[in-house]
Amino acid sequence: MLNIPPDTGRAFWDHFEAQGWTTGNGVPIVQWSAKLSAWWRREQAKDAEAKTKAAAKPKFRIGTQTAPDESF
């Protein structure tokens, strides 16, 4: 329905099953589908942030830097 990968759905289920279907501060989860949707959006934001950080990381270019293993 939300096109969520099975691994993400399983992580969601395992997490809240272990917590007794309550939030971090003990409030019972009433609408699990809304909670799953929020979980999925948060996971997508984390993935996008990781990709942005990886893209911003400087690349090693031959002749412009010393390779990390040459310091020995």
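Colleague: Which side chain does K53 meet in a salt bridge?
Modeller: Bear in mind that this is a predicted model. A salt bridge needs a side-chain nitrogen and a carboxyl oxygen within 4 Å. K53 has such a partner at 3.5 Å, N to O. That partner is E49.

Colleague: Why can K53 and E49 reach each other along helix α2?
Modeller: Both residues lie in helix α2. They are four residues apart, so the separation along the helix is about one helical turn.

Colleague: Is K53 buried or exposed?
Modeller: The cut-off for exposed is over 50% relative accessible area. K53 has 57% relative accessibility, so K53 passes that mark. Its partner E49, at 46%, counts as partly exposed. K53 itself counts as exposed.

Colleague: How many salt bridges does a search of the whole structure find?
Modeller: The K53 and E49 pair is one of them. E43 with K46 is another, with the closest N and O atoms 3.3 Å apart. R10 with D14 also qualifies, at 3.8 Å between the closest N and O atoms. The search of the whole structure gives three.

Colleague: How far apart in helix α2 are E43 and K46, in residues?
Modeller: Each of the two side chains is partly exposed: E43 has a relative accessible area of 24%, and K46 has 48%. Their separation is about one helical turn, because in helix α2 they sit apart by three residues.

Colleague: Which helix holds R10 and D14?
Modeller: D14 is partly exposed, at 41% relative accessibility. R10 and D14 are four residues apart, so about one helical turn separates them. The helix is α1.

Colleague: How many helices does the chain have?
Modeller: The secondary structure includes zero strands. α1 runs over 6-18 and α2 over 32-56. The helix count comes to two.

Colleague: What span should α2 have, at 1.5 Å a residue?
Modeller: α2 has 25 residues. The rule multiplies 1.5 Å by one less than the number of residues. The end C-alpha atoms of α2 lie at a distance that agrees with the expected span, so both come to 36 Å.

Colleague: Which residues of α2 are buried?
Modeller: Buried means under 20% relative accessible area. The α2 residues that meet this cut-off pack against α1. They are L36, W39 and W40.

Colleague: Which residues make up the largest nonpolar core?
Modeller: In soluble globular proteins, nonpolar side chains tend to be buried together. Here the largest nonpolar core has five residues. α1 and α2 each supply at least two of them. The members are F12, F16, I29, L36 and W39.

Colleague: Which residues is W39 in contact with, leaving aside its neighbours within four places in sequence?
Modeller: W39 is one of the buried residues of α2, and these residues pack against α1. W39 is also a member of the largest nonpolar core. Its contacts beyond those sequence neighbours are T8, A11, F12, H15 and F16.

Colleague: What angle lies between the ring planes of F12 and F16?
Modeller: By the ring-pair rule the count comes to six aromatic pairs. F12 and F16 form one of these pairs, 5.0 Å centre to centre. Planes under 30 degrees apart would count as stacked, and over 60 as edge-to-face. This pair is tilted, with its planes at 55°.

Colleague: Where do F12 and F16 lie?
Modeller: F12 counts as buried, because its relative accessibility is 3%. F16 is buried too, with a relative accessible area of 4%. The two residues are four apart, about one turn, in helix α1.

Colleague: Which residue forms a stacked aromatic pair with F16?
Modeller: The two rings are 6.0 Å apart, centre to centre. Their planes differ by 25°, and under 30 degrees counts as stacked. The partner is W21.

Colleague: What is the phi of W21?
Modeller: W21 sits in the loop between α1 and α2. W21 is partly exposed, at 22% relative accessibility. W21 is not a glycine, yet its phi is positive, at about 55°.

Colleague: Which residues do ring pairs link into a cluster?
Modeller: The tilted pair of F12 and F16 belongs here. So does the stacked pair of F16 and W21. The full cluster is F12, W13, F16, W21 and W39.

Colleague: What share of the chain's residues count as buried?
Modeller: The chain has 72 residues. Its accessible surface comes to about 6200 Å², with 57% belonging to carbon and sulfur atoms. The buried share of the residues is 14%.

Methods: Residues are numbered from 1 along each chain as its sequence is written. This is a predicted model: local features need pLDDT of at least 70, side-chain atom pairs count only at pLDDT 80 or more; totals for chains, interfaces and linings use all residues. Side-chain values use heavy atoms; hydrogens and water are left out. A nonpolar core is a set of buried Ala, Val, Leu, Ile, Met, Phe, Trp, Tyr and Cys residues joined through side-chain atoms within 4.5 Å. Buried means under 20% relative accessible area, exposed over 50%, partly exposed in between (1.4 Å probe, protein chains only). Contact means heavy atoms within 4.5 Å. Accessible areas come from the Shrake-Rupley method with a 1.4 Å probe; for residues, only the protein chains shown count as cover. Rings of Phe, Tyr and Trp (its six-membered ring) pair if their centres lie within 6.5 Å; planes under 30 degrees apart count as stacked, over 60 as edge-to-face and the rest as tilted.
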